[in-house]
Each structure stands twice: as C-alpha cells, then as structure tokens.
Amino acid sequence: MTKQPVHFSIDYIKRRSKVVFSYGWIFSPEHGTPQSVYLELIGDENTATAKIEAVELEFGLERDDVLQAFPGAQDPAKYSGWRTCSHVDSDHFTHVVLRVNWNDGTVWRSTPVLPSGDLPTRSRTNTYYQRAKLFQREFNRLVSLLMKGKFQYTLDKIKQRLVSAPRRHVTDSMNYVDIFKRVGASREWALIVDHDMGGGANKYRRRVVSKTLEMGLNVIVLKNNVTRLSETIEVWVGDRCDEYQIDSISGFFRALHGIRLAYIGYNNLVSYVDPISVVTEIIDLKHLTGAKLELFVHDYFMICPSQHLIDTRGVFCGIPSLEVCSRCLPTNRRSFVSLYRESTLPSWRGSWGSLISASDRVVAFSRSSLQLLQQVYGAEIIERKGVVEPHEVTMVPMARRSRLSAPLRRIGVVGHINFEKGAEVVARLGAHLSAQKLPIEIVVIGTLESRVAMDRVSVLGAYRGDLLDQLLSDHGIDMCLVPSICPETFSYVCEELIRLQIPIACFDIGAPPERVVQYSKGHVLKCSPSSSADVLLAELTDFFERLCDRG
C-alpha cells in the first residue's frame with residue numbers, strides 16, 4: 001500500500017532577537033489529527049544533533065484556503081492551521097523543522113527550512129501546483145465578494161493578506177521632534193497605545209481617535225505589528241494620517257517629552273514583545289507631563305499574560321492562588337502566553353498595579369470586569385479609579401417575535417465562535433444531538449472554529465449586523481445560546497438579541513449574565529461550560545419549555 005504524503009507549509013516565519021512568530025498548516029490523510037506539533041530550531045541543517053530547542057505550536061486553526069486546495073480532505077485540511085509567537089532561549093538558530101507527534105504514535109519531521117526574514121517560506125512538499133490552486137481559490141473568493149457589492153469587506157480582506165510594505169523609518173528622537181513640529185506644533189497632543197490585530201479593541205481605538213481629534217488634539221497611535229515583530233506610529237492631524245515604522249520604543253517615548261501631551265489612552269498591549277517596558281514608559285510619561293491617563297479594559301492582560309484567563313485545561317481559571325498560576329503559565333499555549341514565559345506573575349502584576357495607580361480612570365465595559373480587577377488589586381483602588389461605560393449598540397430592533405411554542409427545535413449561536421467564545425461547547429452539544437438522533441438543530445449565524453464533524457450543526461458564515469433579525473426569523477431560531485467560556489468584558493451579541501426579543505441562555509461567567517439575568521426571556525445557566533452535553537441540553541430545554549408555558 002502506497003503511503004500518502006504529509007501536506008504542510010511553513011507559510012511565514014519572522015524572528016526578532018529571542019522572539020519567533022510563525023504560522024502555517026499541516027495535515028495527513030494517513031495519520032489523521034496530530035497529537036502535538038512543534039517547530040524545532042536547529043543550528044545546522046545537516047546535523048541532527050544541532051537542535052537548539054522545540055517550540056510547541058497552537059494547532060487546529062481554521063484554514064479554508066487549504067480546504068479549497070484539498071477539497072477531498074475535509075476536516076483534516078480545514079483545521080490544519082498552526083501558529084506561534086513565542087519567546088525562545090536562543091537567537092542563534094539557522095534552520096527550522098516541523099515535528100509532528102501523530103495520534104497513532106508515529107513521529108514525523110520535515111526537511112530543514114531556512115527562515116527568510118519577512119518573506120513567506122514554503123515547504124518543499126507544497127508544490128507549485130498546490131500554491132497556484134491556493135492563490136486561484138483566494139483570488140476567486142475576493143472577486144466573488146466584489147461581485148456581491150462587498151467592496152469595503154473585500155478591501156479589508158486584501159489588507160489583511162498583504163504583508164505590509166516597509167514604512168518610513170524613524171530612527172532617533174530628533175526625527176520624531178521634526179515630525180511633530182512639522183505637522184502640528186500649535187496643538188496639544190494625545191497618545192493612544194494599542195495592538196493592531198483587529199477586532200473590537202481596534203474598533204474602539206478608532207472611535208477614541210475620532211473623538212479626540214474632534215476635541216482639537218493631534219493624535220499619535222503607537223501600535224504593534226505582530227507579523228513583523230515591530231512597532232509603528234500613526235500621526236493624526238485632522239483628517240491626515242502619516243504612518244512610520246519605529247526602531248526603538250524607548251526612543252519614541254523620549255521624543256514625547258518634547259511635545260505638549262494632554263492625554264494618554266491605554267487600549268491594549270497584547271502581542272507586544274515587551275509589554276512591561278511599555279507600561280513603565282507610560283507611567284514615566286504620565287508623571288513627567290501630567291497628562292490625563294485612561295485605561296480601557298478590553299481583556300484581562302492587566303491580570304495575566306493569558307488575557308482571557310483561560311488556563312492549561314482550557315477553562316476559565318477564576319484567578320486562583322499564585323502557586324497555581326506558577327504551574328499553569330509555563331505550559332499554557334493559549335494566545336500569546338508563551339511569548340511572556342520569562343515573566344513571573346508577581347512582577348507582572350506589580351507593573352500593571354503601578355499603571356493602575358498612576359491612572360486617572362480605569363474604564364470597564366461591565367461590572368464583572370471591575371470585580372475581577374478587584375480580586376487582584378483590591379477594592380479600594382478599583383472603586384476609586386474604575387468606571388463602567390458600556391459600549392454603544394446602535395442596532396434598531398425589527399418587528400416583535402411571534403409566540404413561542406414547544407418543543408425546542410433550533411438553537412441559535414451568533415458571532416465568530418472560536419475556542420474562547422465556546423466552540424468546543426457547541427461541538428460537544430452538536431455531537432450529542434447527532435449521537436442521540438435528537439430532532440434539534442444548532443444554527444451558527446457566523447463562523448465556528450471546531451474540528452468536530454456535526455450533522456446537527458449548520459454554519460451560515462459571516463453576516464451583516466443589520467440582517468441578524470431576518471436571519472433569526474428565516475432559520476426558525478427558537479432560542480439562542482451564548483456559549484462563551486471566558487469572562488467577556490462586554491457582549492454585543494447579548495445586547496442585540498435582547499433588543500430583538502430572542503430567548504437567551506448563557507453561562508455565569510463575565511459580562512453576559514449581567515444583562516441576561518435582568519431580561520424576562522433570559523436564563524443564566526446553572527451548569528458550567530465543562531458540563532456534559534446532556535446536562536446542558538436538559539437545562540436549555542427546561543428553560544425554553546418554561547418560557548412557552550408562560551405564554
């Protein structure tokens with residue numbers, strides 16, 4: 001019997017000092033799902049003993065482009081993605097090797113690959129033909145989106161896929177001073193610090209920039225480009241924005257000593273190579289300039305490098321003792337935790353606690369966020385500094401829903417459902433419905449990151465917010481489950497579903513239960529995200545039947 005090849009690619013790898021960022025994909029029709037995947041760093045491609053260290057990769061990420069290139073492979077191809085952004089012990093490696101421990105007990109290694117800096121690195125088994133297929137599929141998808149009139153969405157997707165061209169460089173403090181004086185010497189300035197990975201935090205930052213410009217201030221945005229492991233700044237004066245790549249964060253902050261700084265906004269530092277050094281710079285700048293300092297709580301990076309507070313078991317940790325944390329962090333592969341494995345939690349929280357003390361306001365979007373901060377930093381300072389300012393939800397509800405009627409037939413799940421948002425909860429529930437042949441379906445209005453094949457789950461894909469009400473009606477959704485397993489800082493989905501008068505159930509974690517418990521058609525689940533699917537389904541069914549009985 002002919003062995004089937006292992007299909008893989010190291011799409012991109014970038015190193016900066018002792019930090020490595022890389023992503024790619026791998027699957028094998030013969031071996032099935034990998035048990036674990038590593039990126040081995042080696043000193044010489046011809047010397048097997050020259051391995052310096054191995055970095056365990058986050059695996060199982062969705063890669064629709066790979067599925068389109070290998071349509072017969074189904075789930076192994078679709079969930080073949082891997083990535084890492086990790087601190088490594090040495091920066092002296094010259095080649096990298098992919099190593100896979102398969103579930104059948106076998107071990108496979110790729111041939112050594114020479115990292116090529118900013119350029120994509122393709123494996124030798126990823127043939128020209130397959131690369132051409134991947135490109136053609138992606139090109140066709142973008143054309144299809146354009147034909148449907150989704151111009152802005154298509155533009156955003158193109159921007160996400162292009163490796164950013166080198167920006168103008170600023171290399172010393174005199175260059176910064178020249179830039180600031182040239183574009184806006186007569187105004188006061190504001191500094192906003194953020195990552196650049198997209199999502200709700202970046203949308204919020206753009207609103208803060210707009211409001212700050214309307215107040216008559218010039219704005220500087222410091223942001224991190226994780227794929228390049230570098231930092232850039234946006235310099236905003238009115239509607240004009242100039243962007244520069246910087247070589248030194250400390251040099252940038254020194255340059256800010258020479259301008260009239262009136263405001264500092266901390267938005268997010270997740271993915272920065274050395275976030276604590278930035279925290280220290282912000283504190284020093286606050287003390288030097290007297291600028292107003294606001295901290296926005298989009299996650300719990302102020303508490304732990306695992307910003308969603310997900311531990312090595314893949315569950316919400318509840319903020320345990322430092323002893324428990326010290327065992328968790330070295331082996332935690334969630335998000336960017338491995339990038340900060342040299343940090344100890346006492347020193348981490350000491351730095352963030354100093355930032356909170358220096359701030360004028362800590363702006364949270366739910367009470368639960370402030371309560372979690374209080375667990376770590378104490379009630380006195382959080383009550384004094386903390387304010388709750390929920391996000392604005394502008395969607396206007398459509399017509400009232402028809403009368404509920406049992407039995408429960410369709411459960412809706414809304415949004416981009418990744419691991420933290422409860423993908424495994426949905427997968428477990430779907431598998432139970434399928435195994436028991438129960439006449440209940442799950443409809444995901446959005447996307448779902450799960451490797452489990454489920455005939456009881458339909459995934460509709462990305463949707464427009466103004467069409468949510470119509471989609472709920474068209475698919476006959478009886479009730480919605482908000483399956484998040486992490487403490488969300490706010491839930492747009494809950495707000496929208498409440499306005500649309502859809503019955504909702506959620507776990508008793510984070511922001512969602514704050515609103516759901518006050519909602520006449522809401523239910524805060526007594527079971528936990530780790531409860532068995534039959535227990536979860538029984539509680540959902542009981543809740544829905546009680547609603548129907550009420551009329």
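Two strands pair if DSSP finds at least two bridges between them, and the strands themselves are DSSP runs of E with at least two residues, as helices are runs of H or I with at least four, both numbered from the N terminus. What you have open is a predicted model, in which local features need pLDDT of at least 70 and side-chain atom pairs count only at pLDDT 80 or more, while totals for chains, interfaces and linings use all residues. Residues are numbered from 1 along each chain as its sequence is written, and side-chain values use heavy atoms, with hydrogens and water left out.

**Stop one: strand β7**

Select residues 95-102, which make up strand β7; 8 of its 8 residues are buried (under 20% relative accessible area, with exposed meaning over 50% and partly exposed in between, for a 1.4 Å probe and protein chains only), so the strand is largely enclosed by the rest of the structure. His95, Val97, Arg99 and Asn101 point one way from β7, whereas Val96, Leu98, Val100 and Trp102 point the other way. Add strand β3 (residues 34-42), which pairs with β7 in the antiparallel sense over 8 bridges, and find isoleucine 42, whose bridge partner in β7 is histidine 95. Then add strand β8 (residues 107-109), which runs antiparallel to β7 and is joined to it by 3 bridges; here arginine 99 has arginine 109 in β8 as its bridge partner. The two strands β7 and β8 form a hairpin with 4 residues between them, and glycine 105 in the turn has a positive phi of about 95 degrees.

Stay with arginine 99 and show tyrosine 38: the arginine lies over the face of the tyrosine, at 4.2 Å from the ring centre, where a charge counts as over a ring if NZ of Lys or CZ of Arg is within 6 Å of the ring centre and within 35 degrees of the ring normal.

**Stop two: the open sheet**

Next, display the open sheet of 4 strands, with the order β1-β2-β6-β5 and antiparallel pairing. β1 (7-16) and β5 (58-61) stand at the edges, each with a single partner strand, so one side of each has no neighbour in the sheet. Within the sheet, β2 (residues 19-27) and β6 (residues 81-87) pair over 7 bridges, and tryptophan 25 stands opposite glycine 81 in β6.

**Stop three: aromatic rings**

Select phenylalanine 27 in strand β2 and phenylalanine 70 in the loop between α1 (64-69) and α2 (75-78), which are 43 residues apart. Their ring centres are 5.2 Å apart and their planes at 80 degrees, so the pair is edge-to-face (rings of Phe, Tyr and Trp, the last by its six-membered ring, pair if their centres lie within 6.5 Å; planes under 30 degrees apart count as stacked, over 60 as edge-to-face and the rest as tilted). Phenylalanine 27 is buried at 2% relative accessibility, and phenylalanine 70 is buried at 11%.

**Stop four: aspartate 194**

Finish at aspartate 194 in strand β10 (residues 189-195), which at 0% relative accessibility counts as buried. Its side chain makes a polar contact of 2.9 Å with the side chain of asparagine 202 and another, also 2.9 Å, with that of arginine 205; a polar contact is a pair of N or O atoms within 3.5 Å, where within protein one must be able to donate a hydrogen and the other to accept it, and residues adjacent in sequence count only if both atoms are side-chain atoms.
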